[in-house]
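This report introduces a single protein chain to a reader who has not met it before. Please keep the sequence and the three-dimensional view at hand while reading.

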Amino acid sequence: MLLPATQLVRRPLSCIRALGRPPSRSLMNLQELVSALNDFASLSLAESWDNVGLLVEPSPPHTVNTLFLTNDLTEEVMEEAVQKKADLILSYHPPIFTPLKRVTWKTWKERLVVRALEHRIGIYSPHTAYDAIPHGVNNWLTKGLGACTSVPLHPSTAPSYPAEGTHRVEFCADNTEHLDVVLSKIKEIQEISCLTTLPARVEGEEQTRVSLNCSQKALLEVVALLSQNSLLYHKTEILLLQKPLLPHTGMGRLCTLSEPVSLSDIIERIKSHLKLPHIRLAVGMGKTLESPVKKAALCAGSGSSVLKGMEADLYLTGEMSHHDVLDAVANGISVILCEHSNTERGFLSELRDMLAIHLQNKINIIVSQKDRDPLQVA
């Protein structure tokens, strides 16, 4: 029996279903998404030789509902992206590296561009920017070693100087009248900044200390001006300003394990982390599988140039040249090679979760199931 004040309310079935449906994800404009990706990892951190950022752009406006992650964009992976209705592919390795002179159906790299534009799919590549960031590929690879602390092997510098200019010029003068003439001429030079004058005592005499920042071009004009007065010129100091190092950012990692671990145990940890049945191993001269590993230098992908000359018990990377392996072994350093992309691909799952948070769950993010290293153990 119903109470008198109770009323029955009939709702359409579709309305009831809508109440139980999870909220749909919103779309993102391509440029908005690219800007957010650049905020996640600044492209200024990429190596100068690299080709990073938005590589293929459909005609605007272009909205993105599905972001598709892959380590390598092969034709098989491209067809998967098409089937998954991807709007933007984030390919860790840039599929366009060597400049294309034409876009035809002749080569597989050209066909990737054709297929992407046919299906209105953008292509974005971060590559070495993701190697450098503190939460990037190399940081993920360190987790395969176990508990450790790590620092970049080659630290990154900030994209700009802490102050305007690339050089600082400082000199002292005791003749106020002549100094006023010099300062007025300095002020006429372009690309001069932070010009200051302060009283100073030099060898018991009251003088004026002048400091200024300038560009490389302006430096030549400043030096030419000061050289006209031998007393000023001989009291001049020129300092090269350095871009500050970015904390925890850079290429490769030098890892110090919290406790020494045998080489055989490290091998099993790495195989487990990378989900590999096999790795390639070169044991350092005078070492065995039971030798302790306390320090490991690593670099995802191809690490020869990054690891070369580093002091460690172990080098961990995807691939190295034959002669670089011989050099390491001769120096008592063991080498573990896992094939190039095997040291990178596992990061994609971690990346998916980080980007979901960074992008506030506005879009769908999926990881390729077809992407794999081309080399297999037969």
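The sections below treat confidence, open and enclosed space, cysteines, one helix and two strand residues.

## Confidence in the model

The structure is a predicted model. The chain has a mean pLDDT of 92, and 93% of its residues reach 70 or more. Residues 1-23 have a pLDDT below 50, and this stretch makes two contacts in the model beyond near neighbours in sequence.

## The largest pocket

The largest pocket encloses about 470 Å³ of space. It is lined by 19 residues, of which L274, K275, R345, G346 and D371 are the closest to its centre. Two helices, α10 (263-274) and α13 (347-358), each contribute at least two residues to this lining.

In chemical character, the lining of the largest pocket comprises six nonpolar, seven polar and six charged residues.

## The enclosed cavity

How many cavities of 30 Å³ or more does a search of the whole structure find? The search finds one. The volume of the largest cavity is about 50 Å³.

The largest cavity is lined by L263, K287, S291, P292, V293, D313 and S334. Three residues of that lining are nonpolar, two are polar and two are charged.

## Cysteines and disulfides

A disulfide is a covalent bond that joins the sulfur atoms of two cysteines. How many disulfides are found in the whole structure? The number is zero, and two cysteines illustrate the point. For C214, the closest cysteine sulfur belongs to C194 and lies 11 Å away, so the two are too far apart for a bond. For C338, the closest cysteine sulfur is that of C299, at 12 Å, which is likewise too far for a bond. The cut-off applied to a pair of sulfur atoms is 2.5 Å.

Are C214 and C338 buried or exposed? The limit for a buried residue is under 20% relative accessible area. C214 is buried because its relative accessible area is 0%. C338 is also buried, because its value is 3%.

## Helix α4 and its surroundings

Helix α4 spans residues 108-118, and its buried residues are E110, R111, L112, V113, V114, R115 and A116. These buried residues pack against β2 (53-56), α3 (75-83) and β6 (122-125). Just after α4, R120 adopts a positive phi of about 55°.

## Two residues in strands

A300 belongs to strand β14, which covers residues 292-302. With a relative accessible area of 4%, A300 counts as buried. Leaving aside neighbours within four places in sequence, A300 is in contact with V137, N138, L141, T317, T343 and E344. A300 and E75 are 225 residues apart along the chain, and their C-alpha atoms are separated by 24 Å.

S193 lies in strand β9, which covers residues 192-202. Its relative accessible area is 12%, so S193 is buried. Which residues does S193 touch, not counting those up to four places away in sequence? They are E164, L212 and N213.

Technical notes
Residues are numbered from 1 along each chain as its sequence is written. This is a predicted model: local features need pLDDT of at least 70, side-chain atom pairs count only at pLDDT 80 or more; totals for chains, interfaces and linings use all residues. Side-chain values use heavy atoms; hydrogens and water are left out. On a 1 Å grid over the protein atoms alone, a cavity is a set of points where a 1.4 Å probe fits but cannot get out, and a pocket is an open set with protein on both sides within 12 Å along at least five of seven lines; lining residues have an atom within 4 Å of a point. Grid points are joined across faces, edges and corners, and a volume is the space filled by probe spheres set on the points. Helices (H or I, at least four residues) and strands (E, at least two) are DSSP runs, numbered from the N terminus. Ala, Val, Leu, Ile, Met, Phe, Trp, Tyr, Cys and Pro count as nonpolar, Asp, Glu, Lys and Arg as charged, and the others, Gly among them, as polar. Buried means under 20% relative accessible area, exposed over 50%, partly exposed in between (1.4 Å probe, protein chains only). Contact means heavy atoms within 4.5 Å. pLDDT is the predictor's confidence in each residue, from 0 to 100.
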